[in-house]
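Me: Could you walk me through one part of this model up close? I'm new to it, so please start with a single loop and work outwards.

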Amino acid sequence: MTDKAPPAQHRLIEVLLDERSVVRRSADIDHELKVAIFDLIEQNVFSPVGAHAEQGPFQLMLGIADNRLVFDIRDDGAAPLGKIILALSPFRKIVKDYFEICDSYYQAIKRSSPSQIETIDMARRGVHNEGSELLRERLKGKIDCDFDTARRLFTLICVLHIR
């Protein structure tokens, strides 16, 4: 991204997860998913490289097909604009690490002191940030997005990995 603000149309107005990619999830995970999507829609920078201002804003369907991460991008009228397909293998370790530290965090909430919880939460945020940077790196030259958008997209990618 450049220092210049992107056109207002270069943003997401709808984000869906391909339900064929998502396994059954708990009520807590479903709530987290809804919050992540709400936050993403409220504030994001999303610009497929080469997109013209009149093509945005965008709709996004995230899914997994043939062991690959699929960004199905559409215009605001749901007309297909293209798909960005990324290998999942670079994300596997960071997603696994993120799930493990989230599990530690939720266990700590039940049993640990506030300082221990804070330490684990800082580590959890750090791993999440690493995943966000990896996503931005993998999208480079395909989709421009800011760090906060990548962070929220990484949350959704994690939901797609829940088994």
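Reply: Let's start with D66, which is exposed, with a relative accessible area of 74%. (Exposed means over 50% relative accessible area, buried means under 20%, and partly exposed is in between, using a 1.4 Å probe and protein chains only.) Keep in mind that this is a predicted model, where local features need pLDDT of at least 70 and side-chain atom pairs count only at pLDDT 80 or more, while totals for chains, interfaces and linings use all residues. Residues are numbered from 1 along each chain as its sequence is written, and side-chain values use heavy atoms, leaving out hydrogens and water.

D66 sits in the loop between β3 and β4, and N67 is found in that loop too. N67 counts as partly exposed, at 47% relative accessibility. Now for the backbone. Most residues other than glycine have a negative phi. D66 goes the other way, with a positive phi near 50°, and N67, not a glycine either, has a positive phi of about 60°.

What does the loop join up? β3 covers residues 58-65, and β4 runs over 68-75. (Strands are DSSP runs of E with at least two residues, helices are runs of H or I with at least four, and both are numbered from the N terminus.) These two belong to an open sheet of 4 strands, ordered β1-β3-β4-β5, with mixed pairing. Two strands count as paired if DSSP finds at least two bridges between them. At the edges stand β1 (12-17) and β5 (80-87); each has a single partner strand, so one side of each has no neighbour in the sheet. From one strand to the next, the twist averages 20°.

Back to β3 for a moment. β3 pairs with β1 in the parallel sense, over 5 bridges. If you'd like to find the spot yourself, look for E14, whose bridge partner in β3 is Q59.

At the other end of the loop, β4 has a helix lying across it: α3 (residues 114-139) crosses both β4 and β5, running at about 120° to β5. (Axes are lines fitted to C-alpha atoms, for helices over the stretch in contact, and angles run from 0 to 180 degrees between N-to-C directions.)

One residue to pick out in helix α3 is S132. S132 is buried, with a relative accessible area of 0%. Leaving aside residues up to four places away in sequence, S132 touches F147, A150, R151 and F154, where contact means heavy atoms within 4.5 Å.
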